[in-house]
Amino acid sequence: MDPRVEKLESDLADVRKDFAEISKTLKSLAESKADEYQNRARRAYYDAADRAQNIWEDVSDAGEEYYYRARDQFSDSIDDLNDCVREKPLQSLAIVAGIGFVIGFLTRR
């Protein structure tokens, strides 16, 4: 066999080995980057979930606070109304009768 052909075949085998090494290196690099991006995505997901949980807790706490304030104000209003009825029973009865008359008049039509 011609020594040039043998040299060419040898060089070709070396090139194939080099391409195989390059392929392994690229695959390893791609897997490394994929893991890195996967970890970044996972961290972003957990950060977003934590922020959403914190917002939910803040909204829940605010809603609960507003509920208790409204309940207390309603209770105070009922107490004030009871006091007013006890202080002026005849006026209260006349007002309730007047309101009943107006409602009755409006619903008859």
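Helices here are DSSP runs of type H or I with at least four residues, numbered from the N terminus. The exercises below use this definition on a predicted model.

**Exercise 1.** Find out how many helices and strands the chain has, and whether the chain is spread out or compact.

*Solution.*
Step 1. Count the secondary structure: the chain has 2 helices and 0 strands.
Step 2. Compare the radius of gyration with the globule rule. The chain has a radius of gyration of 42 Å, while the rule gives 13 Å for 109 residues, so the chain is more spread out than a compact globule.
Step 3. Look at the box around the C-alpha atoms. Along the principal axes, this box is roughly 130 × 35 × 5 Å.
Step 4. Take one pair of residues. Phe 105 and Ala 13 are separated by 92 residues in sequence, and their C-alpha atoms lie 106 Å apart.

**Exercise 2.** Determine what share of the chain is buried, and place Ser 92 in one of the exposure classes.

*Solution.*
Step 1. Of the 109 residues in the chain, 1% are buried.
Step 2. Locate Ser 92: this residue is in helix α2.
Step 3. Apply the cut-off. Buried means under 20% relative accessible area. Ser 92 has 13%, so Ser 92 is buried.
Step 4. List its contacts. When neighbours within four places in sequence are set aside, Ser 92 touches Cys 84 and Val 85.
Step 5. Turn to the surface. The chain has an accessible surface of about 10200 Å², and carbon and sulfur atoms account for 59% of that.

**Exercise 3.** Describe the nonpolar surface patch that contains Leu 12, and classify Leu 12 and Phe 105 by exposure.

*Solution.*
Step 1. Name the members of the patch: Leu 12, Val 15, Phe 19, Ile 22, Leu 26 and Leu 29. Together they have about 570 Å² of accessible area.
Step 2. Place Leu 12 in the chain. Leu 12 belongs to helix α1, which covers residues 3–87.
Step 3. Classify Leu 12. The partly exposed class lies between the limits of 20% and 50%, and Leu 12, at 44% relative accessibility, is therefore partly exposed.
Step 4. Do the same for Phe 105, a residue of helix α2 (residues 89–108). Its relative accessible area is 40%, so Phe 105 is partly exposed.

**Exercise 4.** Examine the salt bridges, and explain the spacing of Arg 69 and Glu 65 along helix α1.

*Solution.*
Step 1. Recall the principle: side chains of opposite charge can pair when their charged atoms come close.
Step 2. Count the pairs. The whole structure contains 7 salt bridges.
Step 3. Consider Arg 69 and Glu 65, which form a salt bridge with their closest N and O atoms 2.5 Å apart. The two residues are 4 residues apart in helix α1, so about one helical turn separates them. Arg 69 is partly exposed at 46% relative accessible area, and Glu 65 is partly exposed at 42%.
Step 4. Consider Glu 36 and Lys 33, whose salt bridge has an N to O distance of 3.5 Å. Here the separation is 3 residues in helix α1, which again means about one helical turn. Glu 36 is partly exposed at 28%, and Lys 33 is partly exposed at 37%.
Step 5. Extend the second pair. Salt bridges link Lys 33, Glu 36 and Arg 40 in a network.
Step 6. Add Arg 71 and Asp 72. Their salt bridge has closest N and O atoms 3.9 Å apart, which is within the 4 Å limit for a salt bridge. Arg 71 is partly exposed at 42%, and Asp 72 is partly exposed at 40%.

Note on methods: Residues are numbered from 1 along each chain as its sequence is written. This is a predicted model: local features need pLDDT of at least 70, side-chain atom pairs count only at pLDDT 80 or more; totals for chains, interfaces and linings use all residues. Side-chain values use heavy atoms; hydrogens and water are left out. Patches are made of residues with over 30% relative accessible area and no salt bridge: like charges are joined within 9 Å, nonpolar side chains (Val, Leu, Ile, Met, Phe, Trp, Tyr) within 5 Å. Accessible areas come from the Shrake-Rupley method with a 1.4 Å probe; for residues, only the protein chains shown count as cover. A salt bridge is a side-chain nitrogen of Lys or Arg within 4 Å of a carboxyl oxygen of Asp or Glu. Buried means under 20% relative accessible area, exposed over 50%, partly exposed in between (1.4 Å probe, protein chains only). Contact means heavy atoms within 4.5 Å. The radius of gyration is taken over C-alpha atoms; the globule rule is 2.2 Å times the number of residues to the power 0.38.
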